[in-house]
Amino acid sequence: TVTVGAGGASSPGGSDPSNGTNGNDSSISGTGITTITSTGGGKGAGGFAASRSASGGSGGGGNGIGSGDSNNGSAGTANQGFAGGNGVGAPNYAGGGGGGASEVGTNGASQTGGQGGDGVASTITGSSVTRGGGGSGASFSTGSVVAGGAGGGGAGGWSGGTKTGVAGTANTGGGGGGAVVSVASGAGGSGVVILRVPTSNYSSTTSGSPTVTTDGSDTIMTFNASGSYTG
């Protein structure tokens, strides 16, 4: 059984600058195999002083509004992802970058949001693809847009231009970018589950419409939505 987790919801901004949500877990489970679970990414701190980031597969970044705990990024999960960066409040107003699958998100500073950590490159499909990049923090005034981490991370907004955070790329597990408090942050990107088996053992019995390709003597099933494979 293949479960593909949805990305975390964005923080809505506007009159309700609350926290978003963590991403949902992706997993492979079944009879005779050990369940493998990739933990959903942690949410970033929302746009008010009492908000907190959260831990996850990779950790969420801190906000650039309040002070103390609301500015702190949160931890990732060992062997899955890294911590989010810290934000900084007045007068810099810069959010921290979300953690990525291969490195921590950087801290916000000098009115420029921290960058999301980069993801991890994998060749399971036959070519190198990077996934699991962190979303970048929002910037203020003299700052600028900060690109998301490599592997689907969304860029952070900034008050001198596009204020909205960019969503993480679907089916990469990339994090959404932070936003200036009055508008919505980017939602997280959904996950993906990829199975690679010897073509001589491939049964073709699947559900959920995975994309099926071959590479050399192997068959690769890419699940962009939940489904199953019977060996």
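How many bridges join strand 8 to strand 9? Five bridges do the job, and the two strands run antiparallel. A quick word on the model: it is predicted, so local features need pLDDT of at least 70 and side-chain atom pairs count only at pLDDT 80 or more, while totals for chains, interfaces and linings use all residues. Residues are numbered from 1 along each chain as its sequence is written, and side-chain values use heavy atoms, with hydrogens and water left out. Helices (H or I, at least four residues) and strands (E, at least two) are DSSP runs, numbered from the N terminus, and two strands pair if DSSP finds at least two bridges between them.

Strands 8 and 9 belong to an open sheet of three strands, with the order 6-9-8 and antiparallel pairing. Strand 6 and strand 8 (211-215) are the edge strands here, each pairing on one side only. From one strand to the next, the twist averages 20 degrees (axes are lines fitted to C-alpha atoms, for helices over the stretch in contact, and angles run from 0 to 180 degrees between N-to-C directions). Strand 9 (residues 218-223) is joined to strand 6 by six bridges, again antiparallel. Thr222 of strand 9 is the bridge partner of Ile194, and Thr222 is also the bridge partner of Thr211. Strands 8 and 9 make a hairpin with two residues between them, and Gly216 in the turn has a positive phi of about 60 degrees.

A further open sheet has three strands in the order 1-2-3, with antiparallel pairing. Strand 1 (2-3) and strand 3 (36-38) sit at the edges with a single partner strand each, so one side of each has no neighbour in the sheet. Two bridges hook strand 1 up to strand 2 (residues 26-28), the two running antiparallel. Val2 has its bridge partner in strand 2, namely Ile28.

Next come the aromatic rings. The structure holds two aromatic pairs (rings of Phe, Tyr and Trp, the last by its six-membered ring, pair if their centres lie within 6.5 Å; planes under 30 degrees apart count as stacked, over 60 as edge-to-face and the rest as tilted). One of them is the stacked pair of Tyr202 and Tyr229, at 5.9 Å centre to centre with 10 degrees between the planes. This pair links distant parts of the chain, as Tyr202 is in the loop between strand 6 and strand 7 (205-207) and Tyr229 is in strand 10 (residues 228-230), 27 residues apart.

Tyr202 counts as partly exposed because its relative accessibility is 22%, whereas Tyr229 counts as buried at 18% (buried means under 20% relative accessible area, exposed over 50%, partly exposed in between, with a 1.4 Å probe and protein chains only). Beyond its neighbours within four places in sequence, Tyr229 is in contact with several residues, among them Leu195, Val197, Met221 and Phe223 (contact means heavy atoms within 4.5 Å). The backbone nitrogen of Ser203 lies 3.1 Å from a polar atom of the Tyr229 side chain. Tyr229 and Thr1 are 228 residues apart in sequence, yet 6.7 Å apart in space, C-alpha to C-alpha.

Last up is Ser190, found in the loop between strand 5 (129-131) and strand 6 (193-198). Ser190 is buried, with a relative accessible area of 19%. Neighbours within four places in sequence aside, the contacts of Ser190 include Gly5, Ala6 and Gly7, along with Thr169 and Asn171.

Note on methods:
Polar contact = N/O pair within 3.5 Å; in protein donor to acceptor, adjacent residues only side chain to side chain.
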